[in-house]
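Welcome, and thank you for opening the viewer. Let us walk through this model together, one selection at a time.

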Amino acid sequence: MTVISWIILGLLAGAIAKFLLPGRDPGGLIGTTLIGIAGAFLGGWISARWLDHPISKDFYDGATWAAAIGGSLMLLVAYRLLFGNSRD
């Protein structure tokens, strides 16, 4: 997959992570979108590095999507813990 594919996957993974973890985020839509992109890269790196599952070159691979969504969820939870709900 190319970098553009990872960005698109990150956008979608961020939206899915936001759906799975509803609530107000300190960064709003833009912050959540950037967290989704970074989470896709993080999830892919963790999957390839420590879980011994190389990332597929196919955009529709389920393990790649799971890694991207998992990375997005991890970053979204960490972001909420660090910055709290400052948009009350």
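Start with the whole chain: of its 88 residues, 34% are buried. Keep in mind as you look around that this is a predicted model.

**Stop 1: the overall layout**

Switch to a cartoon view. You should find three helices and zero strands. Following the sequence from start to end, the pattern reads α-α-α. To colour the helices separately, select residues 3–20 for α1, residues 28–49 for α2 and residues 62–83 for α3.

**Stop 2: how the helices meet**

Two packed helices are described by the angle between their axes and the distance between the axes. With that in mind, take the helices pair by pair.

Show α1 and α2 and hide the rest. At what angle do α1 and α2 pack? The angle is about 115°, and their axes are 7 Å apart. Angles of 65 to 115 degrees count as roughly perpendicular, and α1 and α2 are therefore described as roughly perpendicular to each other. The way α1 passes α2 is a right-handed crossing.

Now swap α2 for α3. The axes of α1 and α3 come within 8 Å, crossing at roughly 60°. This pair is therefore oblique. Here too, try turning the view until one helix lies in front of the other: α1 passes α3 in a right-handed crossing.

Last, show α2 with α3. Their axes are 6 Å apart and the packing angle is about 120°, which makes α2 oblique to α3. The crossing of α2 and α3 is right-handed.

**Stop 3: a nonpolar patch on the surface**

Bring the whole chain back and turn on the surface. Select Val3, Ile4, Ile7, Ile8, Leu11, Leu12 and Phe41, which form a nonpolar patch there. Together these residues have about 590 Å² of accessible area. Which helix gives the most to the patch? That is α1, with six residues. Phe41, also part of the patch, is found in α2.

**Stop 4: two residues of the patch**

Zoom in on Ile7, which lies in helix α1. Is Ile7 buried, exposed or partly exposed? Its relative accessibility is 31%, so Ile7 counts as partly exposed.

Next, add Phe41 in helix α2. Phe41 is partly exposed as well, because its relative accessible area is 38%, and the partly exposed class lies between under 20% for buried and over 50% for exposed.

With both residues shown, draw a distance line between their C-alpha atoms. How far apart in space are Ile7 and Phe41? The C-alpha atoms are 8.5 Å apart, although 34 residues separate Ile7 and Phe41 in sequence.

**Stop 5: from Phe41 to Ser72**

Keep Phe41 on screen and select Ser72. Along the chain, Phe41 and Ser72 are 31 residues apart, and their C-alpha atoms are separated by 8.9 Å.

**One last look**

Zoom back out and keep the patch coloured. You can now trace the α-α-α pattern from start to end and pick out Phe41 of α2 among the residues of the nonpolar patch.

Terms used. Residues numbered from 1 in each chain as written. Predicted model: local features only at pLDDT ≥ 70, side-chain atom pairs only at ≥ 80, totals over all residues. Heavy atoms only, no water. Patch = residues over 30% accessible without salt bridge, like charges linked within 9 Å, V, L, I, M, F, W, Y side chains within 5 Å. Areas by Shrake-Rupley, 256 points an atom, 1.4 Å probe, with all protein chains shown as cover. Salt bridge = Lys/Arg side-chain N within 4 Å of Asp/Glu carboxyl O. Helix = DSSP H or I, 4+ residues; strand = E, 2+ residues; numbered from the N terminus. Axes fitted to C-alpha atoms, helices over the stretch in contact; angles between N-to-C directions. Parallel < 35°, antiparallel > 145°, perpendicular 65-115°, else oblique. Left-handed = near helix turned anticlockwise from the far one by under 90°. Buried < 20%, exposed > 50% of the residue type's maximum accessible area, 1.4 Å probe, protein only.
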